[in-house]
Amino acid sequence: MVLELIKNYKIKYLWIMISWILFLSYCIIFSLGYLQSIDTHVYQFLSSFQNSSLTIYMKIITFFGSTLGIILVCLLCLINDWKIGFMMSIHVAIVAIINQIMKILIARPRPDVLPLVIERGFSFPSAHAMVSFILYGMIAYFFWNKKKIISLLLFFVILLIGVSRIYLGVHYTSDVIGGYLFSFAYLNTVFIFMKNHKWLSYT
């Protein structure tokens, strides 16, 4: 039993290492400029669908990854369960701060296109992608064993938020993927902590 426990922990820590290596490798590829063609092609593809109705839907979707949208969801989580809500809010705040630091250090300009919404600041990585992945990913984690359909819908929302940022012309595809990969690695690390604290785990 002890050996099995040690083996499980090794696998978990190995998975954490792999996820961080994946993110760092992506950053290296990004810095070398190998993702520019992907950025161009994906935006051209999404922008070909632009119309007034779809733009309205995309603006609604992107709201759920905005500062106000994230705060409202965090408040709902606090009302539902203050311990879980507080823990998620702390991690959301940490990742939001890390995002701003990364943006300043990398200083990538926004896409050189006509955006459908106004955004300020630098582009990489996408704050909407990073923070929404953290918040909705954690909520999905707590729902996974009880209501998998909700968890799957939340991951779909995360994906749509990323797509909306590209469609609206305020982020490159590589910005969104970079945000996702960071938060994926971050959540893998945090979930180990959750598993070791019963009051944080509903699984």
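**Entry 1. Burial and overall fold**

I count a residue as buried when its relative accessible area is under 20%, as exposed when that area is over 50%, and as partly exposed in between. I note at the outset that the model is predicted. On that basis, I find that 43% of the 203 residues of the chain are buried. I looked up the surface as well: about 11,700 Å² of the chain is exposed, and 74% of this comes from carbon and sulfur atoms.

For the fold, I recorded eight helices and zero strands. The order along the sequence is therefore written α-α-α-α-α-α-α-α, each run being assigned by DSSP. I then asked how contacts are distributed along the sequence. Among contacts in the chain with a separation of 6 or more, 76% join residues 24 or more positions apart.

**Entry 2. Histidine 128**

I turned next to histidine 128, which I located in helix H6, residues 127-143. Is this histidine buried or exposed? Its relative accessibility is 11%, and because the limit for burial is under 20%, I entered histidine 128 as buried.

I then looked for polar partners of its side chain. A polar atom of the histidine 128 side chain lies 3.4 Å from the backbone oxygen of threonine 62. The side chain of histidine 128 also reaches the backbone nitrogen of serine 66, at 3.5 Å.

Which residues does histidine 128 contact once its neighbours within four places in sequence are left aside? I listed Thr62, Gly65, Ser66, Glu119, Ile161 and Arg165. Thr62 and Ser66 in this list are the residues whose backbone atoms I had noted at 3.4 Å and 3.5 Å.

**Entry 3. Phenylalanine 63**

I followed the sequence from threonine 62 to phenylalanine 63, which is in helix H3, residues 52-63. Its relative accessible area is 32%, so I recorded phenylalanine 63 as partly exposed. Apart from neighbours within four places in sequence, phenylalanine 63 is in contact with Leu68, Gly69 and Leu72.

I also checked phenylalanine 63 against isoleucine 161, a residue already listed among the contacts of histidine 128. The two are 98 residues apart in sequence, yet their C-alpha atoms are 8.3 Å apart in space.

**Entry 4. The largest pocket**

I looked up the largest pocket and recorded about 350 Å³ of space in it. The lining has 21 residues, and those closest to the centre are Thr67, Asn99, Gln100, Ala127 and Val131.

Which helices each supply at least two residues of the lining? I noted helix H4 (67-80), helix H5 (82-106) and H6. H5 gives the most, with six residues. By class, I divided the lining into eight nonpolar, eight polar and five charged residues.

**Entry 5. The loop between H5 and H6**

I examined three residues in this loop: alanine 107, arginine 120 and proline 125.

Alanine 107 has a positive phi of about 55°, although it is not a glycine. I entered alanine 107 as partly exposed because its relative accessible area is 31%.

Arginine 120 has a relative accessible area of 70%, so I entered it as exposed. I also looked up its position relative to arginine 110. The two arginines are 10 residues apart along the chain, and 8.2 Å separates their C-alpha atoms.

What kind of peptide bond joins phenylalanine 124 and proline 125? I found it to be cis, with omega at about -10°.

**Entry 6. Isoleucine 38**

My last entry concerns isoleucine 38, which I placed in helix H2, residues 36-47. With a relative accessible area of 41%, isoleucine 38 is recorded as partly exposed, because that value falls between the limits for buried and exposed. I then looked up tyrosine 172, which is 134 residues away from isoleucine 38 along the chain. The separation between the C-alpha atoms of isoleucine 38 and tyrosine 172 is 8.9 Å.

How values were computed. Residues are numbered from 1 along each chain as its sequence is written. This is a predicted model: local features need pLDDT of at least 70, side-chain atom pairs count only at pLDDT 80 or more; totals for chains, interfaces and linings use all residues. Side-chain values use heavy atoms; hydrogens and water are left out. Helices (H or I, at least four residues) and strands (E, at least two) are DSSP runs, numbered from the N terminus. Buried means under 20% relative accessible area, exposed over 50%, partly exposed in between (1.4 Å probe, protein chains only). Contact means heavy atoms within 4.5 Å. Accessible areas come from the Shrake-Rupley method with a 1.4 Å probe; for residues, only the protein chains shown count as cover. A polar contact is a pair of N or O atoms within 3.5 Å; within protein, one must be able to donate a hydrogen and the other to accept it, and residues adjacent in sequence count only if both atoms are side-chain atoms. On a 1 Å grid over the protein atoms alone, a cavity is a set of points where a 1.4 Å probe fits but cannot get out, and a pocket is an open set with protein on both sides within 12 Å along at least five of seven lines; lining residues have an atom within 4 Å of a point. Grid points are joined across faces, edges and corners, and a volume is the space filled by probe spheres set on the points. Ala, Val, Leu, Ile, Met, Phe, Trp, Tyr, Cys and Pro count as nonpolar, Asp, Glu, Lys and Arg as charged, and the others, Gly among them, as polar.
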